[in-house]
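Biologist: Before we begin, could you take me through this model step by step, and tell me on what grounds each label is given?

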Amino acid sequence: GFGSFGQNINDAIGGIFKCPIAGVVFTLEVLMLDMTMTSVVPLLISSVTATSISYFLMGNTVMFAADSYEPFLLERIPYYILLGIVCGLVSLYFTRAMNKMEGFFQRLKSMYAKLFVGGVVLSLLIFVFPPLYGEGYDSISALLNNQPNILFKGSLFYTLKDNMIWVVMYMGFIVLLKVFATSATNGSGGVGGIFAPSLFIGCITGFAFALVAGFIGEVLPVQNFALAGMAGIISGVMHAPLTGIFLIAELSGG
């Protein structure tokens, strides 16, 4: 039933991401379950159990560990607001482009046609932009440790990795094209999901935003804004701001 579906999502977030609070909040916020004891208590039990087993089997390390975050400063609030607006626009683009691409693949009746088109699209995108391969967790970890050069590994644009203007442009293309890589994966019969692409796009958006601010003379902590970007895209794509906040806080151990 509907409750079992929500509990399965809750368990998955708690077990895979080690985020028990985010799992409960996501289920309540997105599926709009009643805030009653009969709804909350089963979610809490299943989420904590899944997370505990995950910690027992996989250790107590967080998914995106980093130790160079800067303290929150009030004078940076306007930049966080601007980042929120940018994330909202990127989320709108991501959602609409995903819907159009999925509609395109649904019109392809043959499974072989879907596999061919999806394979060609993915091959071309990954050849030009290698970070589009996979879920992107390695890229996220690299950016959270202020190592943007990792994105250029195996890329045709490797020689431009030290030019910050080209770095921002490269990141912009990755954000724009990630939706096509995700849609090609899902549409051709694979599993691309929404969580991982949203985290990936959000991290790059926040990091690139901080770099652009540096061009106008405002030095912003790229790791902080990368995390805020992840929360912003999750919130915008899923219409779940609390989930975005708790998910990023738990993923980063902060």
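Modeller: This is a predicted model, and a good place to start is its largest nonpolar core, which has 60 residues, with Leu-132, Ile-140, Met-171 and Leu-199 as those having the most contacts inside it. Helices that each supply at least two residues of this core include α2 (20–30), α4 (77–106), α5 (111–128) and α7, while the largest share, 13 residues, comes from α8.

Biologist: What makes a set of residues a nonpolar core?

Modeller: The residues must be buried, be of nonpolar kinds such as Leu, Ile and Met, and be joined through side-chain atoms within 4.5 Å. As a general background, nonpolar side chains in soluble globular proteins tend to be buried together.

Biologist: Why is the pair of Phe-129 and Tyr-170 called tilted?

Modeller: The ring centres of Phe-129 and Tyr-170 are 5.4 Å apart and their planes stand at 45 degrees; a pair needs centres within 6.5 Å, and planes under 30 degrees apart would count as stacked and over 60 as edge-to-face, so what remains is tilted. The pair links distant parts of the chain, with Phe-129 in the loop between α5 and α6 and Tyr-170 in helix α7, 41 residues apart.

Biologist: What makes the pair of Phe-157 and Tyr-170 edge-to-face?

Modeller: The planes of Phe-157 and Tyr-170 are 65 degrees apart, with 5.9 Å centre to centre, and because an angle over 60 counts as edge-to-face, that label applies. Phe-129, Phe-152, Phe-157, Tyr-170 and Phe-173 form one aromatic cluster, and a search of the whole structure finds nine aromatic pairs.

Biologist: How do you know whether Tyr-170 is buried or exposed, and what of Phe-157?

Modeller: Tyr-170 has 4% relative accessibility and therefore counts as buried, since the cut-off is under 20%. Phe-157 has a relative accessible area of 28%, which lies between that cut-off and the 50% above which a residue is exposed, so Phe-157 is partly exposed.

Biologist: Where does Ser-188 lie, and why is Ser-188 classed as it is by its relative accessibility?

Modeller: Ser-188 lies in the loop between α7 (164–187) and α8 (195–215), and at 10% relative accessibility it counts as buried, because buried means under 20%. Not counting residues up to four places away in sequence, Ser-188 touches Phe-105, Met-111, Lys-114, Leu-115, Gly-118 and Ser-183.

Biologist: How do you know that the side chain of Ser-188 makes a polar contact with Thr-185?

Modeller: The side chain of Ser-188 reaches the backbone oxygen of Thr-185 at 3.4 Å, and the limit for a polar contact is 3.5 Å.

Methods: Residues numbered from 1 in each chain as written. Predicted model: local features only at pLDDT ≥ 70, side-chain atom pairs only at ≥ 80, totals over all residues. Heavy atoms only, no water. Helix = DSSP H or I, 4+ residues; strand = E, 2+ residues; numbered from the N terminus. Buried < 20%, exposed > 50% of the residue type's maximum accessible area, 1.4 Å probe, protein only. Polar contact = N/O pair within 3.5 Å; in protein donor to acceptor, adjacent residues only side chain to side chain. Contact = heavy atoms within 4.5 Å. Phe/Tyr/Trp six-rings, centres within 6.5 Å; stacked < 30°, edge-to-face > 60°.
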